[in-house]
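Biologist: Please take a close look at the aromatic rings in this model. I would like one connected account of how they pair.

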Amino acid sequence: MLGLLKKQSEPTLSERDLNGRNHVGYPTMQLSREIDKLVKAKYAPIKRIVKFYIAMLFFKWGPSVINTTLSDEQLANLSGRNVQMVYLLLFRDMLRHISSLAKLKHFAEDWPEQFAQEILENCNMLSDSDDVDIAKKEALFANTQLFDIDNTIDPDHLENTVIPDWTIPLAELIMLKPATIYHCHHPLMAVILKKKK
């Protein structure tokens, strides 16, 4: 009886909310948990930077932008694996940028690549047989270039920001504009790099 009452009192989620939870929320939580476990096991010196980046991108700006930008139909068709991959690529870029600044003497030289590879495997991001974007994501993950974050953003005239080309394939994966990807990643990197100098 109590179980029945509890079930009746739980709010019913709209289709949009269900799609948001299933295509953004759950995949993001899985990715975040795997990153957190790896940081605790191997990368404790960067814990604060990782927590800051994840809190802002994965749980604040990213979901907010996706929710306000995508239509109901787009959200229903959004791939949770693609959301994970975009977040992981941006996260790995952050690690690459800080790798030469942080005092991480006991880390291997290519630790950002090792970190990202382990997360990719732990989340089984490229293992779905029906994933039509696997080849595109494999190519993006194989890219070894730092993302250019030198173009400053004028908050009063966002349209004047020169958006780098690296944002285009990431934006396509999750049906956003390239400028949106840049406007999420650049400010976080500016804060992190300023603190590390």
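**Aromatic pairs around a buried ring**

Modeller: Phe-91 is buried, with a relative accessible area of 0%. Bear in mind that this is a predicted model. Phe-115 also has a relative accessibility of 0%, so this residue counts as buried too, the cut-off being under 20%.

Now the wider count. The structure holds 10 aromatic pairs. Take Tyr-43 and Phe-115 to begin with. Their ring centres are 4.8 Å apart and their planes meet at 45 degrees, so the pair is tilted. The label follows because the angle is neither under 30 degrees, which would be stacked, nor over 60, which would be edge-to-face. Tyr-43 sits in the loop between helix H2 (15-42) and helix H3 (47-69). Phe-115 belongs to helix H6 (residues 111-122). The two residues are 72 apart in sequence, so their pair ties together distant stretches of the chain. Both Tyr-43 and Phe-115 are buried.

Phe-115 has a further partner in Phe-91. Here the centres lie 5.5 Å apart, with 50 degrees between the planes, and this pair is tilted as well. Phe-91 comes from helix H5 (residues 80-99) and Phe-115 from helix H6. With their positions 24 residues apart, this contact also links distant parts of the chain.

These rings belong to a cluster. Ring pairs join Tyr-43, Tyr-53, Phe-58, Tyr-87, Phe-91, Phe-107, Trp-111 and Phe-115.

One other ring contact involves a charge. The charged end of Arg-92 sits over the ring of Phe-141, at 4.6 Å from the ring centre.

Technical notes
Residues are numbered from 1 along each chain as its sequence is written. This is a predicted model: local features need pLDDT of at least 70, side-chain atom pairs count only at pLDDT 80 or more; totals for chains, interfaces and linings use all residues. Side-chain values use heavy atoms; hydrogens and water are left out. Rings of Phe, Tyr and Trp (its six-membered ring) pair if their centres lie within 6.5 Å; planes under 30 degrees apart count as stacked, over 60 as edge-to-face and the rest as tilted. Helices (H or I, at least four residues) and strands (E, at least two) are DSSP runs, numbered from the N terminus. Buried means under 20% relative accessible area, exposed over 50%, partly exposed in between (1.4 Å probe, protein chains only). A charge sits over a ring if NZ of Lys or CZ of Arg is within 6 Å of the ring centre and within 35 degrees of the ring normal.
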